[in-house]
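Please examine the model displayed below together with its sequence. The explanation after it proceeds from the whole chain to individual contacts and residues.

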Amino acid sequence: MRLRYENCRSLVTLSGMVRLRLRIRRCEAPDCRRFRVPYRPEAEGALALPQHEFGLDVIALAGVLRHREHRSVPEIHAILRGRGLDISERSVTNLLDRYDEL
């Protein structure tokens, strides 16, 4: 496997904005089943879901507030805003959907 390119990704976490610099690798052996298929770093999956801008810690907090503390979407939105996250109510609803899927 060789390093083919780097990709940057921004995530919003409870501790603030995080900018990731991901090293994407691909197999260069022509006889390999995964020839030229990109491999993303495994650690990326521990921080966020693919194609999402919020970290798993934000999703988990939203889910806990909703299901354990029985908070409404506007209340969760206010709590997240109070923690310094720039988030809309619609994004809170999306986070709760992702939480339920997980």
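The following paragraphs treat the overall form, then the packing of the helices, and then three individual residues.

The model is predicted. The protein chain contains 4 helices and 3 strands. Read from the N terminus, these elements follow the order β-β-β-α-α-α-α. For its 102 residues, the globule rule gives a radius of gyration of 13 Å, whereas the value for the chain is 17 Å, well over that figure; the chain is therefore more spread out than a compact globule. The C-alpha trace extends over about 55 × 25 × 20 Å along its principal axes.

Burial and contact statistics complete the description of the whole chain. Of the 102 residues, 30% count as buried. The exposed area amounts to about 6900 Å², and 48% of it comes from carbon and sulfur atoms. When contacts with a separation of 6 or more are considered, 39% of them join residues that are 24 or more positions apart.

The packing of the helices can now be considered. Two packed helices are described by the angle between their axes and by the distance between those axes. Helix 2, comprising residues 56-67, packs against helix 4, residues 89-101, at an angle of about 90°, and the axes are 9 Å apart. Because angles of 65 to 115 degrees count as roughly perpendicular, helix 2 is roughly perpendicular to helix 4. On the side of helix 2, the contact is formed by Val-58, Ile-59, Ala-60, Ala-62, Gly-63, Val-64, Arg-66 and His-67, while helix 4 contributes Leu-95, Leu-96, Arg-98, Tyr-99 and Asp-100. By class, the residues of this contact comprise 8 nonpolar, 2 polar and 3 charged.

Helix 4 also packs against helix 3, at an angle of about 105° and with the axes 9 Å apart. Helix 3 and helix 4 are therefore roughly perpendicular to each other. Here Val-73, Pro-74, Ile-76, His-77 and Leu-80 of helix 3 meet Glu-89, Val-92, Thr-93 and Leu-96 of helix 4. The residues of this contact divide into 6 nonpolar, 2 polar and 1 charged. Leu-96 thus appears in the contact of helix 4 with helix 2 and in that with helix 3.

Is Leu-61, a residue of helix 2, buried or exposed? Its relative accessibility is 18%, and because buried means under 20%, Leu-61 counts as buried. Apart from neighbours within four places in sequence, Leu-61 is in contact with Leu-14, Leu-80 and Arg-83. Of these, Leu-80 is also listed among the helix 3 residues that meet helix 4. Leu-61 and Leu-95 are separated by 34 residues in sequence, and their C-alpha atoms lie 9.6 Å apart in space.

Two loop residues merit attention for their backbone conformation. Gln-51, in the loop between helix 1 (44-47) and helix 2, has a positive phi of about 65° although it is not a glycine. With a relative accessibility of 80%, Gln-51 counts as exposed. His-70 lies in the loop between helix 2 and helix 3 (73-82). The phi of His-70 is near 55°, again a positive value in a residue other than glycine. His-70 is exposed, its relative accessible area being 66%.

Note on methods: Residues are numbered from 1 along each chain as its sequence is written. This is a predicted model: local features need pLDDT of at least 70, side-chain atom pairs count only at pLDDT 80 or more; totals for chains, interfaces and linings use all residues. Side-chain values use heavy atoms; hydrogens and water are left out. Axes are lines fitted to C-alpha atoms, for helices over the stretch in contact, and angles run from 0 to 180 degrees between N-to-C directions. Angles under 35 degrees count as roughly parallel, over 145 as roughly antiparallel, 65 to 115 as roughly perpendicular and the rest as oblique. Contact means heavy atoms within 4.5 Å. Ala, Val, Leu, Ile, Met, Phe, Trp, Tyr, Cys and Pro count as nonpolar, Asp, Glu, Lys and Arg as charged, and the others, Gly among them, as polar. The radius of gyration is taken over C-alpha atoms; the globule rule is 2.2 Å times the number of residues to the power 0.38. Buried means under 20% relative accessible area, exposed over 50%, partly exposed in between (1.4 Å probe, protein chains only). Accessible areas come from the Shrake-Rupley method with a 1.4 Å probe; for residues, only the protein chains shown count as cover.
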